[in-house]
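Here are my notes on this one, as numbered points. I start with the ligand site and then turn to the cores.

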Amino acid sequence: MMGDTIAAISTPLGEGGVGMIRISGEEARGVAHRIFRSSRGDLRISPGYRAYYGRVAMPGRNETIDEAVALVFAAPASYTGEDVVELSVHGGVYVVRQVLRAALAAGARLAQPGEFTRRAYLNGKLDLTQAESVMHLISAQGEDALRAARSGREGAVSRRVTGLKERLLAYSAALAAWADYPDEDIPALQSRTLIGELSAISADLQALLATYDGGRVLREGVETVIAGRPNVGKSTLMNLLAGCQRSIVTPVAGTTRDVVEETVLLGDLRLRLADTAGLRQTEDLVESIGVGRTRERLAAAGLILAVFDASLPLEQEDRELLDLLSGRPAVAVVNKTDLSPRLNLEEVGRAGAPVVQIAAGAGRGLEELKAAVEQVAGLSGLDPAAGILASERQRDCAVQAQSGLAQALAALELGETLDAVSVCLDDALQALLSLTGERVTTAVTDEVFKRFCVGK
Ligand code: GDP
């Protein structure tokens, strides 16, 4: 498969200034030469890293499809590690399709989704975590999400994992050495040291695992429910949030009903507010908090903004809502703080959620709300540039590694044989090797790359 030459449209299909067709493989120059003519040079003998102006036509035909600029990248210093030619033409749907057709007629095969990046991975240009970051770079919608994807692309996750892997390897080698002398017990001191060191690795692995939830919030935003009894100021709060930034309305795919999801930005964080229609028309809110659908929505939410009225004492419905907040990712938002206070803040605080005082009507308190939301969403203290786990796959591998380590530690504590400890450590190592993609099955890489679009 790697031997053949692939081609695809690498820019979005639509009208735009420029559209680009990428060709990669041993025959990339030959394929491009058959469809691209330039008086400025011959792509087949180009040293690479040059742009050539010329014209594209079907192989063996004279009629020009479009003018083009060809960029040549010589193997191995290219994205895929192979010879790559990129043909930039005018960005019209028909034009780029015709140029792709010409490349296919000239001997290239249509690339599969993510195949360019897969080749880069197979040629050792990037590992699996870096490949996954490419996808997140493309879909990043905020400063921190971009920073996280970029540092992942530059290998921040790999470096963290490799550091852990090397420390583990050192101890598993030491264990193997001890295991070679089965008659001698592990000296008690060494066993203690080993337990200490493995616990330290386990703690670092736990810190890496802890980045996952926050990273997901950065990439995907957080599904948010604004709850509270009628008249506390939910709509006002939502309008305030929506008013800070242009709100984006997106249909949610895969739902049977036409649920509309509205996204509002709180700083850099995207709050996805599903089903806000009910909020906008308060008279529709016939359902009381704590029953049926509201309860279900609260249970499923990634973030609950529970709103209370500062100018009134707590009512039964407020208390029901507070009960539902315990153990949930929630912020208690005390609204209308511009009025004289009658709410018992201490009672609100007992639910365990951070309490933020705002005056949505006057637009006050958003900064405090933002800080509380970041804390609840696992973003405070999260350094996007330090390498954060960026996919369910990466997380699963880290969890497996952690479980291998825990078993090794348990075996050591119980004084089990060195072989038993060694086997557990090997499991942990294997899991870390799959995380970076150094040792994975084709099924796993297939799964990773099938999420890519064609042309990447
Ligand atoms: P909802 O039923 O929870 O969606 O509440 P609304 O957002 O419709 O607000 C109910 C009433 O409270 C409206 O008359 C708002 O103008 C008023 N309100 C909302 N926020 C504030 C605030 O911060 N201060 C004051 N004084 N009134 C507010």
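1. The shell around the ligand is a mixed bag: seven of its residues are polar, five nonpolar and four charged. Keep in mind that this is a predicted model.

2. Which residues come nearest to the ligand? Of the 16 around it, those are Asn231, Lys234, Ser235, Thr236 and Asp338. Helix 9 contributes three residues to this shell, the most of any element.

3. On to the polar contacts. A side-chain N or O atom of Thr236 sits 2.5 Å from an oxygen atom of the ligand. For Asp338, a side-chain N or O atom is 2.8 Å from a ligand nitrogen. The backbone joins in at Ala360, where a polar atom lies 3.0 Å from an oxygen of the ligand. As for cover, the ligand taken alone exposes 580 Å², and the protein buries 73% of that.

4. Now the inside of the protein. Nonpolar side chains tend to be buried together in soluble globular proteins. Here the largest nonpolar core has 33 residues, and the members touching the most others are Leu237, Leu241, Leu271, Leu305, Val331, Leu369 and Val373. Helix 9, residues 234-244, turns up again: with five residues, it gives the most to this core.

5. Val373 is worth a click in the viewer. Setting aside neighbours within four places in sequence, Val373 is in contact with Leu266, Leu269, Leu271, Leu303, Leu305 and Val331.

6. Don't overlook the other core. It is separate from the one above and has 31 residues, among them Leu209, Cys397, Leu412 and Leu429.

Terms used:
Residues numbered from 1 in each chain as written. Predicted model: local features only at pLDDT ≥ 70, side-chain atom pairs only at ≥ 80, totals over all residues. Heavy atoms only, no water. Core = buried A, V, L, I, M, F, W, Y, C linked by side-chain atoms within 4.5 Å. Buried < 20%, exposed > 50% of the residue type's maximum accessible area, 1.4 Å probe, protein only. Helix = DSSP H or I, 4+ residues; strand = E, 2+ residues; numbered from the N terminus. Contact = heavy atoms within 4.5 Å. Near = heavy atom within 4 Å. Polar contact = N/O pair within 3.5 Å; in protein donor to acceptor, adjacent residues only side chain to side chain. Areas by Shrake-Rupley, 256 points an atom, 1.4 Å probe, with all protein chains shown as cover. Nonpolar A, V, L, I, M, F, W, Y, C, P; charged D, E, K, R; others polar.
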